[in-house]
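Let's take a friendly walk through this structure together. Keep the 3D view open as you read, and follow the residues as they come up.

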Amino acid sequence: METNKTFTMIKPDAVAAGHIGAILDKITKNGFKIIALKYTSLSTDKAGQFYAVHSERPFYKNLVAFMSSGPIVAAILEKDNAVEDFRKLIGATDPSKADMGTIRNLFAKSIEANAVHGSDSDENAQIEGSFFFSAFEKF
Ligand code: ATP
Ligand code: MG
């Protein structure tokens, strides 16, 4: 299992607020190399599939509606210890608890509209990256 890749999305709130450039800048300045990148959107079906692990949670329906409410940016990132280091860079799920200077501290609006997604394991990084990108779209 690769330990040097993670997957991220810039969520609809941050795209709508015009933060794509600032977030990508923060990501690359922190040593992550972008090896795949796409501006796209999720249908409710696709958003439901992506967050299927949360299907029993009370916030699932709202989460799916939010994630399909507007365009997103999907990317695969490469760096040593990528999954853990990226979770540190984005900060806590709830932006009011995210450390100063983290992406969620700087750009997130709420626990739901929290600006970015970051994979939580090497295995999920691989699954999530393949959900958005074919082998011909990774460089
Ligand atoms: P992500 O998987 O998007 O990187 P995360 O790993 O920090 O976020 P998860 O527990 O996986 O957090 O939750 C997935 C997403 O569901 C969160 O990022 C947020 O958008 C939403 N979410 C989580 N908890 C809540 C909640 N209590 N109320 C509303 N939305 C929530
Ligand atoms: Mg998660």
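## Around the ligand

Ligand 1 is surrounded by 13 residues, and the closest of these are Lys11, Arg87, Thr93, Glu112 and Asn114. Please bear in mind as you look that this is a predicted model.

Where does ligand 1 sit? Its place is the largest pocket. Some polar contacts to oxygen atoms of ligand 1 are worth picking out in the viewer. They are set side by side here.

| Residue | Atom on the protein side | Distance to an oxygen atom of ligand 1 |
|---|---|---|
| Tyr51 | polar side-chain atom | 2.9 Å |
| His54 | polar side-chain atom | 3.0 Å |
| Glu112 | backbone N or O atom | 2.8 Å |

Tyr51 and His54 thus reach an oxygen atom of the ligand with their side chains, while Glu112 does so with a backbone N or O atom. How much of ligand 1 does the protein bury? Taken alone, the ligand exposes 580 Å², and the protein buries 81% of that.

## Salt bridges

How many salt bridges does the structure hold? There are seven. One of them brings together the side chains of Lys5 and Glu78, with N and O 3.5 Å apart. Lys5 belongs to strand β1 (residues 5-10) and Glu78 to strand β3 (residues 72-78), so this pair ties together parts that are 73 residues apart in sequence. As for its surroundings, Glu78 is partly exposed, at a relative accessible area of 24%.

Another salt bridge links Glu137 with Lys38, and here the closest N and O atoms are 3.1 Å apart. What does this pair tie together? Glu137 lies in the segment after α7 (122-132), whereas Lys38 is in strand β2 (residues 33-40), so the bridge connects parts that are 99 residues apart in sequence. Glu137 is partly exposed, with 31% relative accessibility. Lys38 is also partly exposed, with a value of 23%.

Next, have a look at Asp85 and Lys79. Their salt bridge has its closest N and O atoms 2.6 Å apart. Is Asp85 buried or exposed? Asp85 has a relative accessible area of 19%, which means that it counts as buried, the cut-off being under 20%. Its partner Lys79, at 23% relative accessibility, is partly exposed. Salt bridges can also share partners: Glu2, Lys5 and Glu78 are joined into one network in this way.

## Two buried residues

To finish, turn to a pair of residues in other parts of the model. Ala98 is located in the loop between α5 (82-90) and α6 (103-107). Although in a loop, Ala98 is buried, with a relative accessible area of 9%. If you draw a line from Ala98 to Leu37, C-alpha to C-alpha, you will find 25 Å in space for residues that are 61 residues apart in sequence.

Helix α6 contains Ile103. This residue is buried, and its relative accessible area is 0%. From Ile103 you can look across to Lys79, the salt-bridge partner of Asp85. Ile103 and Lys79 are 24 residues apart in sequence, and their C-alpha atoms are 17 Å apart in space.

Key. Residues are numbered from 1 along each chain as its sequence is written. Chains are lettered from A and ligands numbered from 1 in the order in which they are written. This is a predicted model: local features need pLDDT of at least 70, side-chain atom pairs count only at pLDDT 80 or more; totals for chains, interfaces and linings use all residues. Side-chain values use heavy atoms; hydrogens and water are left out. A salt bridge is a side-chain nitrogen of Lys or Arg within 4 Å of a carboxyl oxygen of Asp or Glu. Helices (H or I, at least four residues) and strands (E, at least two) are DSSP runs, numbered from the N terminus. Buried means under 20% relative accessible area, exposed over 50%, partly exposed in between (1.4 Å probe, protein chains only). A residue is near a molecule or strand if one of its heavy atoms lies within 4 Å of it. A polar contact is a pair of N or O atoms within 3.5 Å; within protein, one must be able to donate a hydrogen and the other to accept it, and residues adjacent in sequence count only if both atoms are side-chain atoms. Accessible areas come from the Shrake-Rupley method with a 1.4 Å probe; for residues, only the protein chains shown count as cover. On a 1 Å grid over the protein atoms alone, a cavity is a set of points where a 1.4 Å probe fits but cannot get out, and a pocket is an open set with protein on both sides within 12 Å along at least five of seven lines; lining residues have an atom within 4 Å of a point. A molecule sits in a cavity or pocket if more than half of its atoms lie within 2 Å of its grid points.
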